[in-house]
Amino acid sequence: MSMIKVKLWLLDKNEKNQLHPVQLEEVGETETEKQLENILVNNPELLMPGLKLIGRQTPTDRGLLDLLGVDEDGNLIVFELKRGTLARDAIAQVIDYASYLNDLDRETLSQHISDRSGQGGIEKIDFKNWYQEQYSGNLESSDNPAKMVLVGLGADDTTRRMVSYLSKTGVDISLITFYAFKKGEEAILEWASENNLPL
């Protein structure tokens with residue numbers, strides 16, 4: 001299995017008014033993970049339609065969970081971001097954070113999210129009440145474990161294979177890969193999803 005390589009060309013006109021391709025420079029990683037986070041916090045629809053982000057850099061006893069969200073069906077989603085290519089250690093991280101949240105009883109989970117919301121461009125919420133208003137339901141009645149999504153600028157073959165295997169065995173884990181290109185000062189992002197994430 002070989003790693004996916006993406007190239008992008010801009011069609012431009014030459015002096016004879018004929019179209020010709022101009023290859024754009026691929027960006028291997030954003031300057032920082034925080035830069036990618038900022039883009040996604042300000043534009044959560046880049047991750048999935050109807051997503052509500054409820055936590056950013058949320059402290060857990062295992063480290064800082066990059067982004068925490070709720071999808072349009074009311075499911076919790078844990079996002080692990082990398083500023084470059086996703087490697088297999090990201091899988092361990094996202095499973096660690098999701099399992100931590102899953103081990104909390106629903107009342108403690110609601111309080112955990114409420115206490116840590118309101119940071120880094122994320123709205124401060126009383127999660128239990130907010131959830132009931134947004135989804136006309138009660139989080140306590142849901143036994144669904146958090147979904148897991150890895151986000152980065154590409155993914156290595158091992159990561160793709162492992163995520164595919166986990167997904168086939170019923171684990172709700174997916175990849176979102178962005179491919180970034182530059183033309184002068186302009187940046188272009190291409191979005192790719194694996195394991196049935198909605199466009």
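A residue counts as buried here when its relative accessible area is under 20%. Keep that cut-off in mind while you click around this predicted model.

**Stop one: Thr-60.** Select Thr-60, which sits in strand β4. Its relative accessible area is 14%, so Thr-60 is buried. Now show its side chain: it reaches the backbone oxygen of Gly-63 at 2.8 Å. Setting aside neighbours within four places in sequence, Thr-60 is in contact with Leu-65, Tyr-97, Tyr-100 and His-112.

**Stop two: His-112.** Follow that last contact over to His-112, in helix α3. Is His-112 buried or exposed? With 5% relative accessibility, His-112 counts as buried. Its side chain reaches the backbone oxygen of Pro-59 at 3.5 Å. Light up its other surroundings too: beyond the neighbours within four places in sequence, the contacts of His-112 include Thr-58, Leu-101 and Leu-104.

**Stop three: helix α2.** Next, pick α2, residues 88–103. This helix has 16 residues and reaches 23 Å from its first C-alpha to its last, close to the 22 Å expected at 1.5 Å a residue. Colour its buried residues: Ala-90, Ile-91, Val-94, Tyr-97, Ala-98, Tyr-100 and Leu-101.

**Stop four: the largest nonpolar core.** This core has 30 residues, and Ile-54, Leu-76, Val-78 and Phe-127 touch the most other members. Among the elements that give two or more residues to it are β5, β6, α3, α4 and β8. Which element gives the most? That would be α2, with seven residues. Zoom in on Val-78: leaving out residues up to four places away in sequence, what Val-78 touches includes Leu-65, Val-94, Ala-98, Leu-101, Met-148 and Val-149. Before moving on, look for a second, separate core of 17 residues, with Leu-47, Leu-67, Leu-81 and Ile-176 among them.

**Last stop: helix α4.** Select α4, residues 127–135, and show Phe-127, Trp-130, Tyr-131 and Tyr-135, the buried residues of this helix. Turn the view to look down the axis of α4: its buried residues fall within an arc of 100°, so they line one face of the helix. There is a general reason for such patterns: an α-helix has 3.6 residues a turn, so residues three or four places apart point the same way. What covers the buried residues of α4? Switch on β4, β5, β6 and α3, which are included in that cover. Finish at Ser-136, which follows α4 and has a positive phi, near 45°.

Key: Residues numbered from 1 in each chain as written. Predicted model: local features only at pLDDT ≥ 70, side-chain atom pairs only at ≥ 80, totals over all residues. Heavy atoms only, no water. Core = buried A, V, L, I, M, F, W, Y, C linked by side-chain atoms within 4.5 Å. Buried < 20%, exposed > 50% of the residue type's maximum accessible area, 1.4 Å probe, protein only. Helix = DSSP H or I, 4+ residues; strand = E, 2+ residues; numbered from the N terminus. Contact = heavy atoms within 4.5 Å. Polar contact = N/O pair within 3.5 Å; in protein donor to acceptor, adjacent residues only side chain to side chain. Expected span 1.5 Å × (residues − 1). Arc of directions from axis to C-beta.
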